[in-house]
Amino acid sequence: MSAVSWWDKSTGLALLTILLWASLAALTSRITSVSPLVLVGLVLFFCGAGALPFWRQWRARPVTWLVTITALLLYHTLLFMSFRHAPVLEANLINYLWPLCIILFTPLLLPGHPLRPQHLLAGALGLAGSILVMVDGELKLQQAHLTGYLLALGAAIVWGAYSVLSRRLPPAPAVVTAAACLPAGLLALLLAWGLEGPLPLAQIPQADWLLIMGLALGPMGAAFVTWYLALRDGDPRRIGALAYLTPLLSTLLLVWLNGEELTSRHLLAGALIMGGALLGLLVKSPKSQRVVKPLS
């Protein structure tokens with residue numbers, strides 16, 4: 001298969017997003033001075049504030065704002081909470097069931113995009129790799145971390161559904177995705193204030209503020225825009241399989257930065273995930289696909 005047949009602009013944007021998202025868990029797990037809800041609010045707020053200079057381009061239908069704000073708020077709240085209730089390595093890899101959700105949700109939400117055997121095999125390999133981190137050496141669920149596993153699974157479902165539905169949202173400038181972070185962040189901070197009391201902003205050390213700004217600029221800033229552009233023009237089935245490279249890169253970064261233990265189980269999981277990603281990437285997309293009716 002020639003390079004042209006598997007490489008295009010959307011693939012490049014998806015790979016750039018994957019590289020940015022690989023640092024999400026490592027950076028988030030190092031911030032412990034605030035609750036997950038406050039952390040979500042601060043990061044999304046600063047991310048949205050970065051889109052303020054482009055306010056003239058904030059033109060989108062109400063359904064686009066509603067779906068995007070809800071997905072950003074719900075996904076990151078579930079994800080950050082999972083990091084507090086389960087080992088970061090395992091919660092992070094379970095969260096990356098969302099590429100499988102993209103593959104499975106595509107034929108349900110996007111008419112004219114049927115699944116092929118290669119798509120299903122790629123998703124199965126990724127699923128097998130993700131399940132592998134949920135079990136110990138005796139293949140038993142780690143009951144002590146069940147809450148964290150379920151939170152991470154919920155995050156995966158939310159992001160998978162949003163990624164596919166974004167193809168059905170009315171056309172809007174890419175900056176709208178970043179702009180939606182601003183109201184999502186404010187909502188998260190209001191929820192934190194109502195549920196947890198006054199926001200402990202003065203207690204956040206300088207090192208954590210730097211990490212928060214880093215998250216807002218990279219994995220929760222620019223990455224939202226590049227992901228939106230990749231899915232807008234690319235095949236979500238291929239991109240969903242390719243996205244399984246993210247947990248592999250993320251796990252290696254966690255091991256390097258946080259001193260996490262990398263076991264043979266994690267290595268095997270990474271091999272399965274990477275194999276599924278490569279298989280999904282090599283599936284040739286049809287030249288013509290049915291135009292999908294946007295959500296009203």
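Here a colleague asks a modeller how the labels on this predicted model were reached.

Colleague: What should I keep in mind about the model and its numbering?

Modeller: This is a predicted model, where local features need pLDDT of at least 70 and side-chain atom pairs count only at pLDDT 80 or more, while totals for chains, interfaces and linings use all residues. Residues are numbered from 1 along each chain as its sequence is written, and side-chain values use heavy atoms, with hydrogens and water left out.

Colleague: Thanks! How do you know that C181 and C47 are not a disulfide?

Modeller: A disulfide is a pair of cysteine sulfur atoms within 2.5 Å. The sulfur of C47 is the closest cysteine sulfur to that of C181, but the distance is 3.4 Å, so it is too far for a bond. A search of the whole structure finds 0 disulfides.

Colleague: Why is C181 called buried or exposed?

Modeller: Buried means under 20% relative accessible area, exposed over 50%, and partly exposed in between (1.4 Å probe, protein chains only). C181 has 0% relative accessibility, so C181 counts as buried. C101, at 11%, is buried too.

Colleague: And which label does L150 get, buried or exposed?

Modeller: L150 has 52% relative accessibility, so L150 counts as exposed. L150 sits in helix α9 (residues 146-165); helices are DSSP runs of H or I, at least four residues, numbered from the N terminus.

Colleague: What makes F80, W98, W159, F224 and W227 stand out in the largest nonpolar core?

Modeller: These five touch the most other members among the 84 residues of that core. Helix α5 (residues 62-85) gives the most to this core, with 12 residues. A nonpolar core is a set of buried Ala, Val, Leu, Ile, Met, Phe, Trp, Tyr and Cys residues joined through side-chain atoms within 4.5 Å.

Colleague: Which residues does W227 touch?

Modeller: Contact means heavy atoms within 4.5 Å. Not counting residues up to four places away in sequence, W227 touches T17, W21, W98, I102, W159, S163, I239 and A243.

Colleague: Let us follow T17, then. Why is T17 called buried or exposed?

Modeller: The relative accessible area of T17 is 0%, so T17 is buried. T17 lies in helix α2 (residues 9-21). Leaving aside neighbours within four places in sequence, T17 is in contact with A223, T226 and W227. T17 and A243 are 226 residues apart in sequence, yet 8.9 Å apart in space, C-alpha to C-alpha.

Colleague: How many helices and strands does the protein have?

Modeller: There are 15 helices and 0 strands, a strand being a DSSP run of E, at least two residues.
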